[in-house]
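Student: Got a minute to walk me through this fold? I'd like to start with the strands.

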Amino acid sequence: MDFKALLKFLTALNRNNNREWMDQHRKQYKVLRDAFIQWLDSMDSRLGALDPDYYPTPGRRGINRINNNLLFHPDRPVYKDHFGAGLDKAPGKGDFYVQIGLGESLLAGGVWRPVPADLSRIREAIDYDGEVLEGILHKPSFKKMFGTLYEDRPLKRMPKGFSADHPHADLLKQKTFAVVRPLSEAEVLSTNFEDIVVETYLELLPFRRYLNRALSV
């Protein structure tokens, strides 16, 4: 995958963010999109060989639309400034997310703003054995790679049903359970980028498995 060409195209699209320009360059877009899908297919196979619980996710299924949803966000540009996709994308579970873009390239995993029923399941798991999740989040290699949980306006007060002095109060107040590894352009364009993706996926596994077990209850 020629990520340099992909970033160059996104730069031009960002300067000409309209349907007319995209229509004139749609052939180029499709070539890059197909190449990204092929790259996703290769990562899908590689990650599947490493993780016995991996949920096969072909590139065409994992890739996100480049169009912004203007119905709900009319203030956004017509097109995104990145290519994004989810891998290991089992129904009802948190996926492994890959984003290559101008403003931000990243690798991430977890559950983004789960629906109330799923959020309740995660909180019940934390109430039961939150020390396991705490141990994952505080593992030195995990903290070095991801830092802390993604900040997403946590609750100021404890959710209903949990005491204010709960040992895992900070976790129970969260509304998103995800972590992010930002990527530099140099990392994306490096010859070992796929190894970086694999390294990140493996470091994420205990965190994602904890959440996915909670969602399976």
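Student: How many bridges do β3 and β4 pair over, and in which sense?

Tutor: Seven bridges, in the antiparallel sense. Two strands count as paired if DSSP finds at least two bridges between them. As for the names, helices (H or I, at least four residues) and strands (E, at least two) are DSSP runs, numbered from the N terminus.

Student: And what am I looking at, model-wise?

Tutor: This is a predicted model, where local features need pLDDT of at least 70 and side-chain atom pairs count only at pLDDT 80 or more, while totals for chains, interfaces and linings use all residues. Residues are numbered from 1 along each chain as its sequence is written, and side-chain values use heavy atoms, with hydrogens and water left out.

Student: Good. Back to that pair: which residue of β4 does L107 stand opposite?

Tutor: R181 in β4.

Student: What's the strand order in the sheet?

Tutor: It goes β1-β2-β3-β4, an open sheet of four strands with antiparallel pairing. β1 (82–87) and β4 (177–183) are the edge strands; each has a single partner strand, so one side of each has no neighbour in the sheet. On average, neighbouring strands are turned by 15° against each other, direction ignored. Axes here are lines fitted to C-alpha atoms, for helices over the stretch in contact, and angles run from 0 to 180 degrees between N-to-C directions.

Student: What about the other pairings, how many bridges for β1 with β2?

Tutor: Six, again antiparallel, and H82 has G101 in β2 as its bridge partner. Then β2 (residues 96–101) pairs with β3 (residues 105–111) over four antiparallel bridges; there, F96 has G109 as its partner.

Student: How many residues of β1 are buried?

Tutor: Six of the six, so β1 is largely enclosed by the rest of the structure. Buried means under 20% relative accessible area, exposed over 50%, and partly exposed in between (1.4 Å probe, protein chains only).

Student: Which residues sit on which side of β1?

Tutor: H82, G84 and G86 are on one side, F83, A85 and L87 on the other, and all of them are buried. In a regular strand the side chains alternate between the two faces of the sheet.

Student: And the other edge, how many of β4 are buried?

Tutor: Five of the seven, so β4 is largely enclosed too.

Student: OK, helices. Which strands does α1 lie across?

Tutor: Helix α1 (residues 3–15) lies across β1 and β2, at about 65° to β2. Helix α3 (residues 26–50) lies across β1 and β2 as well, running at about 30° to β1.

Student: How do α3 and α9 cross?

Tutor: Their axes come within 11 Å and cross at roughly 45°, with α9 covering residues 193–216. That makes α3 oblique to α9, since angles under 35 degrees count as roughly parallel, over 145 as roughly antiparallel, 65 to 115 as roughly perpendicular and the rest as oblique. The crossing is right-handed: the near helix is turned clockwise from the far one by less than a right angle, whereas anticlockwise would be left-handed.

Student: Which residues meet there?

Tutor: From α3, W39, S42, M43, R46, L47 and L50; from α9, F193, E194, D195, V197, V198, Y201 and L202. By class, that contact has nine nonpolar, one polar and three charged residues. Contact means heavy atoms within 4.5 Å. Ala, Val, Leu, Ile, Met, Phe, Trp, Tyr, Cys and Pro count as nonpolar, Asp, Glu, Lys and Arg as charged, and the others, Gly among them, as polar.

Student: While we're on α9, what does T200 touch?

Tutor: T200, in helix α9, touches F96, L107, M145, F146 and R181, leaving out residues up to four places away in sequence. T200 is buried at 0% relative accessibility.

Student: New topic: V188. Where is it?

Tutor: In helix α8 (residues 185–189), and V188 is buried with a relative accessible area of 2%. V188 and F3 are 185 residues apart in sequence but 7.2 Å apart in space, C-alpha to C-alpha. Beyond its neighbours within four places, V188 contacts F3, I100, S105, L183 and F193.

Student: Last one: what's phi at D88?

Tutor: Near 50°, a positive value in a residue other than glycine. Most residues other than glycine have a negative phi. D88 lies in the loop between β1 and β2 and is buried at 8% relative accessibility. R113 also has a positive phi, near 40°; R113 is in the loop between β3 and α5 (116–137) and counts as partly exposed at 42%.
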